[in-house]
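Got the viewer open? Let's take a walk through this one, stop by stop.

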Amino acid sequence: MIKKAGRILIAGTGSGCGKTTVVCAILQALRNRGLDVASFKCGPDYIDPMFHSEIIGTPSTNLDLYFAGEELARGLFLKHSAELNVIEGVMGYYDGLSMQSTESSSWHVAQTLDAPAILIVNGRGMALSAAAVVKGFQAMRSPSGIVGVILNKVSPMSYPQLKAVIEQECSVHVYGYMPTNETCSLESRHLGLVTAQEISDLQEKMQTLAAQAEKSIELDGLIDLMKAQPALKADNPVACKIADVRIAVARDKAFCFYYRDNLELLEELGATLIPFSPLEDKELPECDGVYLGGGYPELYAGQLSQNKTMRESVKNAVQDGLPTIAECGGFMYLTDRIEDAEMTGVIHGICTDMKKLVRFGYAEFSAAEESLLFEKGGSVRGHEFHHWDATLPGEALTAKKPTGRGWKCAYTTETLYAGYPHLYLMSNPILAERFIRKCDERKMRHETHGN
């Protein structure tokens, strides 16, 4: 397919410079104008896209070149693109798979999508040094792709001088600034920002940010820049339907980390996704399979434990052979306990807070034996990102990081995948196809017995 998709990539000098705040301000301002907007997030992060989605009213999409590769990433971008598309970078603009690499970095995404980059610079406490920062980023790679700058945490008084010196020294346009606004700051915790669902006054904060963006960011200039970009060409990544099945998907404050691509792939293969809440509902809905995603079950362990009927419903279904995917938080829910809170007990072990990241980062996960998702010797790309660990994290898969380090992880059977790794199914759609087929087998078996 060939599509005209106006686009910019909002990049940062590093984590914490204010990318998400600026992106949210721009997205909300564009939506307030009634424009056709889509948003994307570089890298594997779940939380920033949730903020985007709350603003634009439709799911945001991850663009991860380690997971998808360049051609598939272009296809996914075009598949989900609107007239105007804002892509939020990850970490620093050039930060890739290793200290020495730009592979899978925001810069790599910008090059892959032929998207102009706007660099977010925290200008607080800087004068001429702000220009030195911008010039250094321009010079680091050729082409840098950096066509503009937005300053963050600067005052209306200092902005004109900073804008003038950066434009003079770097020959790049400064599109505006955002001042420090403590009332609109987004709280963080150990996996990044607090999720959008947890902020009661989120819409009020977003509207405040949008009003500021209308005052201090050249939105018309950014819109013109997006619209000026050339059309892109890529294959359309659409899967063929296999079977009609019903998959229950845990969706609440405790379980909310899912890749849009994973869920849409399952839908394209024939799944009807049925949301349910392990926190609030009494039992699993009628289904042919279940997907327990990641999230923050440790924050709601007491409530999960108190919902005994749901725990028993899940345990009985999984032990009875209901095809089940349980990733990270979902895996924790299947263990005996999260600290002192009783969970389902499908898998033996206790989850505790390690006070640090455990087995952190990208990896390719391979299986020595056939199971629900995996062919013998099959593999899929994904990542681990968690501070909690289980006393028995499993040994069914071998994880290998891009740097070469590896570890054992996860549990697999012919009807179960459970482990800390988050799997990106689009990197090997065979896993999703196997899951759908196993759900269909379960459905056919029950229909036969029912007759």
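## Stop one: a partly exposed lysine

Start by selecting Lys153, which counts as partly exposed at 33% relative accessibility. Keep in mind as you go that this is a predicted model. Lys153 sits in the loop between S7 and helix H6 (159-170). Check its backbone: phi is near 60°, a positive value in a residue other than glycine. Most residues other than glycine have a negative phi, and most peptide bonds are trans.

Now step back along the chain to the other side of S7. Pro143 is in the loop between helix H5 (128-140) and strand S7 (146-152). Zoom in on the bond from Ser142 to Pro143: this peptide bond is cis, with omega near 0°.

## Stop two: zoom out

Show the whole chain as a cartoon. You should be able to pick out 13 helices and 26 strands. The radius of gyration is 23 Å, close to the 22 Å from the globule rule for 451 residues, so the protein is as compact as a globular protein of that length. Along the principal axes, the C-alpha atoms fill a box of roughly 75 × 45 × 45 Å.

For a feel of the span, select Ala164 in helix H6. Ala164 is partly exposed, at 44% relative accessibility. Then draw a distance to Glu375: the two C-alpha atoms are 59 Å apart, with these positions 211 residues apart along the chain.

While you are zoomed out, switch on the surface. About 18300 Å² is accessible, and 49% of that belongs to carbon and sulfur atoms. Buried residues account for 57% of the 451. Of the contacts between residues at least 6 apart in sequence, 77% join residues at least 24 apart. Color by charge next: the mean positions of the 44 positive and 56 negative charges lie 3 Å apart.

## Stop three: inside, at helix H4

Select residues 106-113, helix H4. Why is H4 described as largely enclosed by the rest of the structure? Seven of its eight residues are buried. They are Ser106, Trp107, His108, Val109, Ala110, Thr112 and Leu113.

Now show what covers those buried residues. The cover includes these elements:

- strands S2 (6-12), S3 (37-42) and S4 (61-63)
- helix H3 (65-80)
- strands S5 (84-88) and S11 (232-233)

Before leaving, look at Asp114, which follows H4 and has a positive phi, near 50°.

## Stop four: a positive phi within a strand

Jump to strand S20, residues 347-367, and find Arg359 there. Arg359 is not a glycine, yet its phi is positive, about 45°. Is Arg359 buried or exposed? Arg359 is buried, with a relative accessible area of 17%.

## Stop five: the cysteines

Last, show the cysteine sulfurs. How many disulfides does the structure hold? Zero.

Try Cys287 to begin with. The closest cysteine sulfur to its own is in Cys439, 8.2 Å away, which is too far for a bond. Cys287 is also buried, at 14% relative accessible area. Then go to Cys328, whose sulfur has its closest cysteine sulfur in Cys351 at 9.3 Å, again too far for a bond. Cys328 counts as buried too, with 6% relative accessibility.

Terms used
Residues are numbered from 1 along each chain as its sequence is written. This is a predicted model: local features need pLDDT of at least 70, side-chain atom pairs count only at pLDDT 80 or more; totals for chains, interfaces and linings use all residues. Side-chain values use heavy atoms; hydrogens and water are left out. Helices (H or I, at least four residues) and strands (E, at least two) are DSSP runs, numbered from the N terminus. The radius of gyration is taken over C-alpha atoms; the globule rule is 2.2 Å times the number of residues to the power 0.38. Buried means under 20% relative accessible area, exposed over 50%, partly exposed in between (1.4 Å probe, protein chains only). Contact means heavy atoms within 4.5 Å. Accessible areas come from the Shrake-Rupley method with a 1.4 Å probe; for residues, only the protein chains shown count as cover. Lys and Arg count as positive and Asp and Glu as negative; His and the chain ends are not counted. The place of a charge is taken as NZ of Lys, CZ of Arg, CG of Asp or CD of Glu. A disulfide is a pair of cysteine sulfur atoms within 2.5 Å.
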